[in-house]
Amino acid sequence: MAQVSDPRRHLARTLFGASAVALAIVAAPAVHAQESAADSAASAAEADANGDIIVTAQRREERLTDVPISITAITGDQIAAAGITNSNDIGMVIPGLYIPQTGQNVQPTIRGIGTTITAVGADANVALYIDGVYQSAQTSNSFALPDLDRIEVLKGPQGTLFGRNATGGAIVIHTREPSFTPTGSLNLSYGSFSEFIARGYISGPITDKLAASVSFVSTHDRGYTWNATRNEWNSETDEDTVRARLLWEPVEDLKIILTGQYSDRASNLAQSIKPLDGNVNVRATNPGLYLPSDPRIITINEPPIATVESKGGSLDIEWNGASGTLTSVTAYSKDVPYQIFDTDYTSLAVSVQEFTTPSETFTQELTYSSDISGPFNFVLGAFYFDNKAQLIRWSRRALDGPLTAFLDARTKTSSIAAFGEVYVDLTDRLRVIGGIRYTNEKKSIDATGVLNGADTLVTDDEWNSFTPRASILYEISPSTNAYATFSQGFKGGAYNPSFSAGLPVQTTAVDPEKVTAYEVGLKHSDRALRASVSAFYYDYTDIQVQILTSIGGVNTTVIQNAADATVYGGDAEFNYRVSDVFSLQGGVAYTHGRYDSFLGAVLTEPLPNGGNRQFLGDASGNKMIRTAPLTVNLGFNFNHPVNDNLAVEINSVAAYNSGFYMDPGNRVKQEAFTLINASASLVFGSDGRFKLGIWARNLLDEEYNIYAAQSTTGDNIAYGRPRSIGVMASARF
C-alpha cells in the first residue's frame, strides 16, 4: 500500500514542507501589528490571562495546564485553518490519533488502542462526545463540523469521568452555544472533483432570556475514483446537516439548552474498493480479468452505496449553586445506515452484500461538580445508556439474483454507571486526585440466519467493572506543572452476529477488554508558549479483534480476544507565538505496541493464483494493527496586515505517519505517508469580516488507505482523497 521506499524521506518532506514558508515569513518585517491567528484561536477557546486554554476534561472549567492527563485542545479556528472539513481528518493536528474506517464504521485509534469490530451493538474504544452526548453509533461518527467551538482529545483510558468503553481515550466536541449578541457566518468553497461545501451559522436573541442558533453544512462532490466497469465516478460524498439550538436562562444561575439535529449523509469512500496488488481468488478461474494497478481506478460491478440518516436531540440543564454546578444531559438519537458492498472487489457477479444497521440510543447523565473555597473539591455523577440495534443483511451473487445468505440480528445494550472524583490540595503547589467508576453492562442478542425462520441465537450476558484513577499534580511554577497518573479503562463484551448455512458462527460473547495505564507528564503555558510532554505505559488485556473470513462463499466475520499487549511511548506538543503575526504549532508521538501473547490468531497467506489461505497461528511479538510507531505534525498561522482594511493570511499543516500493519500477522502494511494542507487568503474590512482565498489538501498527492481488509477472498483496499485544490469565500458578522 502506498509504496514508499524510505520513511525518513517522508519525515523530512513533512518538516520541510511546513517550515520552508514559515522561515521565510519569520524573516519578513512585522509591521502594523494586529491580533495574530494564534490569539484569535486562543480567545475562541476562552484562553486565560496567561494564554492557557480553558477546558472541561474533568467536568469543570480548568486551565489546560492543570489537567493531569495528556490532552490536546484545538479550536474551531485552528481546525478551519488546517483545512480540516470532516471529523475523520482531525488526526492531522493530533499526534498519536488515527481515524480509519471499516466499511461505514469510523474507528478512532489513540496510541495504538482502537478496534476493527463492526458487530451490531459494538462500541469504539475511543469514545466520542458532542456537547456532552455520547455518540454510540460508529456508522454516524463521520460528519462535517458546522458550528465547532473546540475539540478536546483525551489520550489514554478514561475510566472515571468519560468512562463509556473509553479504553483508548475520548474525543470531546463542543459546538457554539446560542448567543445573545447577533452573530453569523457563511463560508463557501469549491474545488477539485467538483467539490462544493457551504457552511452557515446564525445566532441571536429572541427575548432577553431566550437565544437561538441555527447552523448547516452542505457538502457535495462527484467522487475521485473512476469505476471502469460502470463508467462512473465513485468515492463521492453528499451530506446535508442542520443543527438548531435554543438557550434559555430564566434566572441568573440556570441555563437550559435544547438541541436538535438532522443529517443525511452519503459517502461511499470505503466501499469504492479494489484488490490490493491484484490479490483476489477469482483471478484463478479468470486469468484475463482486468485488475487495474492505478489506485484511482476500480472495477466493481455493483454500485457502492453507503448512506446514513441521523436525527436526534438533547436537553442540557445546568444550575450553578453557591457551592457547585449540577448538570443534567438527556439525549436521544436514531441512526439508519444502509450499504451495498461488492465483496469480490471485481467486475464479476460473484458476491455482493446489501445491509442496514438501524439503531436507537437513549442516554441520561447527571453530574455535580463542587466549587468550594478550600483544599477539597469533588465531582459525582451517574450515567445511564440504552441502545437497541439491528443488522439485516442480504447476500447474493448479484443485486438482482437469488439470496445466498441472510441475517437478521437484534441486540440490546443497557449500562448504568456511578462515578466520582475528589481533588485535594495538600499544599499550595501539590494536588492529589482520586476517582473510581462502577459500570454494570448487560447485552443480549436475538438473531436468525434464515429468512422468516425461527431465531437460532438467543442469549445474553452481563459484566461489571471498577475502573479507578489516581493522579498527583505538582506546580513547579505558576506556568509549569508536572503530573503522574494511574488509570484503568473498561470496554464491555460483544456478540458476533455472523451466520453460516443458517447457523451462528459464534454463540458466546467475546470477553471485555481492559487497559491499565501509567503516565507522567509536564505542561507549560505562558503568553508566548504552550507546551506539554508525556510518557506512558499500558498493560492491555483481552484485546477484542475482528477477522474477515469466507464460509461457503459468503464473507463473514470472526471475533476473538487476543491475549495481551504492551504499549508504551511518549508524545510532545507545542504552540509558539513567534510574533504578533506569526505562530507555530506542532507535535510528535512515539508508540511501541506489540502483542505479548496472541496464540490462535487468525492469519492469512497469499495463494499462488490469488486469494488467501486462512489459518490459526501465533502472532505473539507482532506489532499491533493500526499502530504507527511515529506520527509528527507541524503547522503555522500567518496573519499580516497590509493596511487598515486588508490583511494577508497564510496557514499550513503537515502530518507524517510512519506506517502501520493492517493485520495481526503483520503481512499487509500501510507504508509511510505525509499529508500537507495549505491555504492563503486576503482578509478585508477593518474587523476582518470578509475573506477570499485558495486552498489545497494533500499537496504531495499521497496514496494512503482509508480502508483495508484481508480474507480468503483476497486483500482489498480503498484509497483516500488525492490532491485537491480550490477557492473559498467567507463572511461573518
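Leaving aside its neighbours within four places in sequence, which residues is Val93 in contact with? In this predicted model, the answer is Ile74, Ile79, Ala82, Ile84, Asn633 and Val653. Val93 also belongs to the largest nonpolar core, where it is among the residues with the most contacts. From there, let's walk through the cores, the empty spaces, a small sheet and two residues with a positive phi.

**Nonpolar cores**

- The largest nonpolar core is made of 64 residues. Alongside Val93, the residues with the most contacts inside this core are Ile79, Ile90, Ile151, Ile171 and Ile173.
- Strand E44 gives this core its largest share, which amounts to four residues.
- There is also a second core, separate from the one above, with 24 residues. Tyr134, Leu161, Phe162 and Ala417 are included in this second core.

**The second largest pocket**

- How is empty space found at all? Rolling a probe the size of a water molecule over the atoms shows where such space is left.
- The second largest pocket has a volume of about 1100 Å³. Its lining counts 36 residues, and Thr56, Glu61, His174, Glu177 and Glu318 are the closest to the pocket's centre.
- Several strands supply at least two lining residues each: E10 (148-155), E11 (169-175), E18 (254-267), E21 (305-320), E22 (324-342) and E24 (359-370). E24 provides the largest share, with five residues.
- Sorted by class, the lining of this pocket holds 15 charged, 13 polar and eight nonpolar residues.

**Cavities**

- How many cavities of 30 Å³ or more does a search of the whole structure find? The search turns up 15.
- The second largest cavity encloses about 850 Å³ of space. Of the 46 residues that line this cavity, Asn88, Asp89, Leu675, Tyr704 and Ile706 lie nearest its centre.
- Elements giving two or more residues to this lining include strand E4 (97-98), strand E13 (195-205), E17, E18 and strand E38 (630-643). Strand E39 (646-657), strand E42 (673-684) and E44 do so too.
- The lining of the second largest cavity divides into 19 nonpolar, 19 polar and eight charged residues.

**A three-stranded sheet**

- Strands of a sheet pair through backbone hydrogen bonds, and the pairing can be parallel or antiparallel.
- One open sheet here has three strands in the order E16-E15-E20, and its pairing is mixed. Strands E16 (232-234) and E20 (297-298) each have a single partner strand, so they stand at the edges, with one side of each left without a neighbour in the sheet.
- Strand E15 (residues 225-227) pairs with E16 in the antiparallel sense, over three bridges. In one example, Thr225 has Asn234 in E16 as its bridge partner.

**Two residues with a positive phi**

- Ser235 is not a glycine, yet its phi is positive, at about 60°. You can find Ser235 in the loop between E16 and strand E17 (237-248).
- Is Ser235 buried or exposed? Ser235 is buried, because its relative accessible area is 1%, under the 20% cut-off.
- Asn698 is not a glycine either, and its phi is positive at about 55°. This residue sits in the loop between strand E43 (690-697) and strand E44 (705-711).
- Asn698 has 4% relative accessibility, so Asn698 counts as buried.

Note on methods
Residues are numbered from 1 along each chain as its sequence is written. This is a predicted model: local features need pLDDT of at least 70, side-chain atom pairs count only at pLDDT 80 or more; totals for chains, interfaces and linings use all residues. Side-chain values use heavy atoms; hydrogens and water are left out. Two strands pair if DSSP finds at least two bridges between them. On a 1 Å grid over the protein atoms alone, a cavity is a set of points where a 1.4 Å probe fits but cannot get out, and a pocket is an open set with protein on both sides within 12 Å along at least five of seven lines; lining residues have an atom within 4 Å of a point. Grid points are joined across faces, edges and corners, and a volume is the space filled by probe spheres set on the points. Ala, Val, Leu, Ile, Met, Phe, Trp, Tyr, Cys and Pro count as nonpolar, Asp, Glu, Lys and Arg as charged, and the others, Gly among them, as polar. Buried means under 20% relative accessible area, exposed over 50%, partly exposed in between (1.4 Å probe, protein chains only). A nonpolar core is a set of buried Ala, Val, Leu, Ile, Met, Phe, Trp, Tyr and Cys residues joined through side-chain atoms within 4.5 Å. Contact means heavy atoms within 4.5 Å.
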